[in-house]
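Hi,

Here is the structure I promised to send over. Have a look at it first, and then read on for my notes.

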Amino acid sequence: MIVVVSGPGGVGKGTIVDALVHRDPRLWLSRSWTTRERRPSESDDAYVFTDTERFERRIAEGGFLEWTEFLGNYYGSPTPSPHTDQDVVLEIEVDGAQQVKRLYPEALLLFVVPPSREEQERRLRGRGDPGDKVLARLKKAEIEEPIGRALADHIVVNDDLDATIDEMLEIIAAARPS
Ligand code: 5GP
């Protein structure tokens, strides 16, 4: 099963997917590639941090399940190795989610939304990004949200983190073929 976790920036997707794979050993979190610079607050393995040349070479080799350009950088999910007997979790933005849904209509798409724009802005600013980057991400989020809502199998409001995680684990468990 492929579980796609998408949602606008600042909604808490990263924290959520870390908790999901921690709580459910049948879930395996795909590590994306990006050409974005690492934030000082980020660990080295938050992404495979790479350069444009290597990224484009991998595109040409067909090495991504999906990839996109987001606010001036490439992001992509490497094609998962076939030996994995776990369910693959992809934490991606909506263009990538659309690509996955086209390839795998049976993929489960969970779209996470913030309780309010104010809370989303507060979370985005809390990451330490410069002000112009925060504004660009908020603008992008406004475009992404209606598309993601229309595409989603389930919309989850991330108000209380623990409740959000419980709800998502229940949705995933219910979606597994018995
Ligand atoms: P950030 O720069 O905040 O880490 O990520 C920007 C956006 O790109 C977020 O919405 C994040 O979910 C998304 N993203 C991260 N990895 C991938 C990926 O492999 N593919 C796609 N399509 N989006 C990704």
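The ligand takes up the space of the largest pocket. Please keep in mind that this is a predicted model. Two elements each give two or more residues to the shell around the ligand: strand β5 (64–70) and strand β6 (73–78).

What kinds of residues make up this shell? Charged residues account for 8 of them, polar ones for 5 and nonpolar ones for 4. There are 17 residues around the ligand, and those that come nearest are Lys-13, Arg-36, Tyr-47, Tyr-75 and Glu-91.

You may like to click through the polar contacts next. Ser-32 has a side-chain N or O atom 2.6 Å from an oxygen atom of the ligand. For Arg-137, the distance from a side-chain N or O atom to a ligand oxygen is 2.7 Å, and for Arg-39 the corresponding value is 3.1 Å. How much of the ligand does the protein cover? On its own the ligand has 510 Å² of accessible area, and the protein covers 96% of that.

Now to strand β6, where I looked at two residues. Ser-77 lies in this strand, and its relative accessible area is 1%, so Ser-77 counts as buried. Glu-91, which is among the residues that come nearest to the ligand, is 14 residues from Ser-77 in sequence, with 8.9 Å between their C-alpha atoms.

Pro-78 is in strand β6 too. Is Pro-78 buried or exposed? Buried is the answer, because its relative accessible area of 14% is under the 20% cut-off. Along the chain, 48 residues separate Pro-78 from Ser-30, yet their C-alpha atoms are 7.7 Å apart.

One last spot to check is the loop between β5 and β6, which holds Leu-71. The phi angle of Leu-71 is near 45°, a positive value in a residue that is not glycine. Leu-71 has a relative accessibility of 41%, so this residue counts as partly exposed. The two strands on either side of that loop, β5 and β6, are the ones named above for the ligand shell, so you can view Leu-71 and the pocket in one session.

If you open the file with the ligand in the centre, Ser-32, Arg-39 and Arg-137 are good places to start.

Best wishes

Conventions
Residues are numbered from 1 along each chain as its sequence is written. This is a predicted model: local features need pLDDT of at least 70, side-chain atom pairs count only at pLDDT 80 or more; totals for chains, interfaces and linings use all residues. Side-chain values use heavy atoms; hydrogens and water are left out. A residue is near a molecule or strand if one of its heavy atoms lies within 4 Å of it. A polar contact is a pair of N or O atoms within 3.5 Å; within protein, one must be able to donate a hydrogen and the other to accept it, and residues adjacent in sequence count only if both atoms are side-chain atoms. Accessible areas come from the Shrake-Rupley method with a 1.4 Å probe; for residues, only the protein chains shown count as cover. On a 1 Å grid over the protein atoms alone, a cavity is a set of points where a 1.4 Å probe fits but cannot get out, and a pocket is an open set with protein on both sides within 12 Å along at least five of seven lines; lining residues have an atom within 4 Å of a point. A molecule sits in a cavity or pocket if more than half of its atoms lie within 2 Å of its grid points. Helices (H or I, at least four residues) and strands (E, at least two) are DSSP runs, numbered from the N terminus. Ala, Val, Leu, Ile, Met, Phe, Trp, Tyr, Cys and Pro count as nonpolar, Asp, Glu, Lys and Arg as charged, and the others, Gly among them, as polar. Buried means under 20% relative accessible area, exposed over 50%, partly exposed in between (1.4 Å probe, protein chains only).
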